[in-house]
Amino acid sequence: MGTTDYRTDPFFGLEDVWLPTAEGEITHLHDVGEGTPVVFLHGSGTGVSAAANWWLTLPAVQGDVRAIAPDIIGFGATVQAPDATYGIREWGAHTLRVLDALGIEKAWLVGNSLGGWIALQLAIEHPDRVLGVISMGTGGSAPTAAIKAHATPNTELAALRRSFEGFVTDPHLVTDAMVAARQVVAEYEVASGRLDHVIEARERDRAALPLDGDALARLELPVLLVHGLADHVIPPARTWELVNVIPTADAVLLQGCGHWSQIERADAFAQLVTDFIAGRWRSRDSRAANM
């Protein structure tokens, strides 16, 4: 980790791309498909990376969109500058650097947990760069016990497995291969001390930079909020709170699903993403209104 020698675990089935995004910063990402650019922003769980969040989603959507999934600075294999800092705005700024380096003016943002928080903050502050937002289990709400546990993780395989099983309703989805692949990242996070700084920044901004309701109420771009009804990491009340504030937002609640909608309901989630981005979601509404 921390160098361009890293290779994503074969379990995830994704090719590595290394993109210089600033002086001393080389972003590790996955870039598949063609068409409308969509940036997938991962969450902040133990051993997280773009691959760990999106390995099922990227192949499923690449026939419809260009799917770009970076390891946000402080996470995964991205090589960061010595003076790198973390936080919601810093992670958002890194996302914009990725777009700039790829020559992309505007993109859709799909965010999981922390990634959804980043995406909505970017939509507030840089609506000129955002086509729309799909956010699942949006972060930034009051911390639950599961979120607090991320600050002091046990990186042994059995402990990681127990932690990940709390993200889903079906523990069989947490395979030995998945846990082993995430353990590599988790051990680096802890040994390097990077995890402490990432969590500190996340919790600082939970208090200092919560999503502003008045700013969300002024959003004009399309927003889709997705939430598993059995999510104990970020309860579904978070989506209810946001959908009542954002005038352009729709919400989908998924039965039999915890915090990992993109894994536990992978097919449904990928279909939601492609339909919403293609406008098929809104066109169905238009047809119904004209009946």
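In this predicted model, Phe12 is tucked away: with a relative accessible area of 5%, the residue counts as buried, because the cut-off for that label is under 20%. Phe11, right beside Phe12 in the chain, is partly exposed, at 28%. The two rings form an aromatic pair of the edge-to-face kind, with 5.2 Å from centre to centre and 75° between the planes. A search through the whole structure turns up 11 aromatic pairs.

Phe11 has another ring partner as well. Its ring centre sits 5.3 Å from that of Trp55, and the planes meet at 50°, so this pair is tilted. Phe11 belongs to the segment before strand S1 (17-22), while Trp55 is found in the loop between helix H1 (50-54) and helix H2 (57-61), so the pair ties together parts that are 44 residues apart in sequence. Trp55 is buried, at 12% relative accessibility. Put together, Phe11, Phe12 and Trp55 make up one aromatic cluster.

Next comes the sheet. It is open, has 8 strands and mixed pairing, and its strands follow the order S1-S2-S4-S3-S5-S6-S7-S8. S1 and strand S8 (249-254) are the edge strands, each pairing on one side only. On average, neighbouring strands are turned by 25° against each other, direction ignored. At the S1 end, S1 pairs with strand S2 (residues 25-32) in the antiparallel sense, over 5 bridges. One spot to look at is Pro20, whose bridge partner in S2 is Ile26.

A helix also meets this part of the structure. Helix H4 (residues 114-125) lies across four strands: S3 (37-41), S5 (107-112), S6 (130-136) and S7 (223-228). Relative to S5, H4 runs at about 145°.

What about the nonpolar interior? The largest nonpolar core has 45 residues, and Phe40, Trp54 and Ile134 have the most contacts inside it. Helix H12 (residues 266-278) gives the most to this core, with 6 residues. Apart from this core lies another, of 39 residues, with Trp91, Leu99, Ala201 and Leu225 among its members.

Which residues does Trp54 touch, leaving aside its neighbours within four places in sequence? The list includes Phe40 and Leu41, along with His42, Pro59 and Ala69. Val110, Gly111 and Asn112 are also in contact with Trp54, as are Met136, Gln262 and Phe269. Phe40 thus turns up twice: as a contact of Trp54 and, like Trp54, among the residues with the most contacts inside the largest core.

Conventions:
Residues numbered from 1 in each chain as written. Predicted model: local features only at pLDDT ≥ 70, side-chain atom pairs only at ≥ 80, totals over all residues. Heavy atoms only, no water. Core = buried A, V, L, I, M, F, W, Y, C linked by side-chain atoms within 4.5 Å. Buried < 20%, exposed > 50% of the residue type's maximum accessible area, 1.4 Å probe, protein only. Helix = DSSP H or I, 4+ residues; strand = E, 2+ residues; numbered from the N terminus. Contact = heavy atoms within 4.5 Å. Phe/Tyr/Trp six-rings, centres within 6.5 Å; stacked < 30°, edge-to-face > 60°. Pairing = 2+ DSSP bridges. Axes fitted to C-alpha atoms, helices over the stretch in contact; angles between N-to-C directions.
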